[in-house]
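Trainee: Got a minute to walk through this one with me? I'd like to start with what sits inside and what sits outside.

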Amino acid sequence: MSLSTALNSAMTGITAASRSTSVVSDNLANALTEGYYRRTLNLSSNGAAGGVSIGSVQRMIDPAIQKSVRLAEATHASNSVTSSFYAQVSDRVGTVNDAYSVAQRLTDMETALIEATSLPDSDARLNDLSMQAEELAMSIRDAADGVATLRNKAEGSINALVNGLETDLENLNEINKKILAAEIRGQDPSGLQDRRDNLIDSINEVIPVQVYQRDNNQTALYTTSGIKLIDGGSVAEFSFNKTSLVTPYMSIGNGQLSGLEIDGRSIDTSIDGKIGGGSLAAQFHVRDVAAVQAQNDLDTMAGDLIERFQDPTVDPTLGATDPGIFTDNAAYYDNTNELGIANRIEINSVIAMSGDAETWRLRDGLNAAVIGNRGDTTILNNYGAALDATNTISSPGLGSGDYSAYSIAANLMTNFTQENTWAEQQLAFSSAIYSDIQARELEQGVDTDSELQTLMMVETVYAANARMIQAIDEMMQELMRL
């Protein structure tokens, strides 16, 4: 080996050691940085030319694990949205041991009714019956208002997610361009690739994606159903028109709520549809399915309750279209206008303690001209019979068949409790899977002990090559003295 060849080999060794030190230092500095992937420097023999050839910096990623993490992350995000919805609705409706649940409020009204019937001349007991009836109406209305709030919140979340998607895709397109420029200039694009992966993770949480590698280290994104999000510098355009206030009367079906369009094409937004699996489809599910069904269940109960007490056979002083104890915004309830009745139910103002407070009418009839026989329990008994009577209802959550008022209230509470329990189980399961797969991905991260060992080895290599250069220098000095 000539001295020049030996010198060249030692110089390439020094350069490789210096470059390796830079890579190891980056790894150690970013050991706690989220989204950072460990780097290694590709080295190979320089063949006949001697020395070492320095290749590119490689990011240590297992594509299979990365894909699994993204799938689990999207599923977990979807389950988080639905679980949060059912937990809040269940909290509004109440559970078995909740003293303020809708079912318990009905039981409290029944208790007050029994006490008033046992002593019909007691103004205090009639007042209590009025207050318990008002509390029942308020509990139903509060639950319905809670569903409306959650539905409007879902509408706002959809708008925010769509805007965020557009921003992330534009940023992803810009990073693709910067990576291309870095490749052309021969620079290390690893940092840009980390940022790109973090953006893809953010997009994937909203809409699960398939990642495709193009020439020149470019990335294309498609949904799992094949809808293009970004490819070749072309970014998908999203269209969603946020409604300022979502009411129970609004739906996609009647055109009063906006759906989602991508590049001008209408997209199936169902939870198992074209963009299903992430938080966006879950928010559409809350707005268009879960909240609508919850509203329907509450409307069914509210409408049934009002009809039981506005029946003239229960209170003979009522006319065919006179409101009973419970009203539709102070008016007679027409069951052809059931949608939203849970938001409108209220107690008749003539017996409300916050209204006329003429609670004697609970005993003598709501439209009675004067106070009647204070010992008469006919109408009060009719109220009890009305609550016990079986009425035919049909609701996805409450079932179809003949039910008493108590059975309907119990079914309502049970349905939401079951939905909440199921959603919690789904969330716990997806959370466990996500945590497990994420832990596997983190195992591929920076191991500081291993990096320090590598650094010590690099130091030894650097010293050896430096000593080689020193020896060559001494040899050349000796030859020049000859």
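Mentor: Sure. One term before we look: buried means under 20% relative accessible area. And keep in mind that this is a predicted model.

Trainee: OK, so which residues of helix α9 are buried?

Mentor: In α9, residues 378–388, they are I379, L380, Y383, G384, A386 and L387.

Trainee: And how do they sit around the axis of α9?

Mentor: Looking down that axis, the buried residues fall within an arc of 160°, so they line one face of the helix.

Trainee: What do they pack against?

Mentor: Several helices: α3 (102–118), α4 (123–185), α6 (279–309), α8 (361–364) and α10 (405–442).

Trainee: Zooming out, how many helices and strands does the chain have?

Mentor: It comes to 11 helices and 13 strands. The radius of gyration is 36 Å, well over the 23 Å that the globule rule gives for 482 residues, so the chain is more spread out than a compact globule.

Trainee: What does the C-alpha trace span along its principal axes?

Mentor: About 140 × 45 × 35 Å.

Trainee: And what share of the residues counts as buried?

Mentor: 43% of the 482. As for contacts with a separation of 6 or more, 63% are between residues 24 or more positions apart.

Trainee: Switching to the surface, how much does the chain expose?

Mentor: About 23,100 Å², with carbon and sulfur atoms supplying 51% of that.

Trainee: Last one: how far apart are the mean positions of the positive and negative charges?

Mentor: They're 10 Å apart, taken over 31 positive and 64 negative charges.

Methods:
Residues are numbered from 1 along each chain as its sequence is written. This is a predicted model: local features need pLDDT of at least 70, side-chain atom pairs count only at pLDDT 80 or more; totals for chains, interfaces and linings use all residues. Side-chain values use heavy atoms; hydrogens and water are left out. Helices (H or I, at least four residues) and strands (E, at least two) are DSSP runs, numbered from the N terminus. The radius of gyration is taken over C-alpha atoms; the globule rule is 2.2 Å times the number of residues to the power 0.38. Buried means under 20% relative accessible area, exposed over 50%, partly exposed in between (1.4 Å probe, protein chains only). Contact means heavy atoms within 4.5 Å. Accessible areas come from the Shrake-Rupley method with a 1.4 Å probe; for residues, only the protein chains shown count as cover. Lys and Arg count as positive and Asp and Glu as negative; His and the chain ends are not counted. The place of a charge is taken as NZ of Lys, CZ of Arg, CG of Asp or CD of Glu. The arc is that of the directions from the helix axis to the C-beta atoms.
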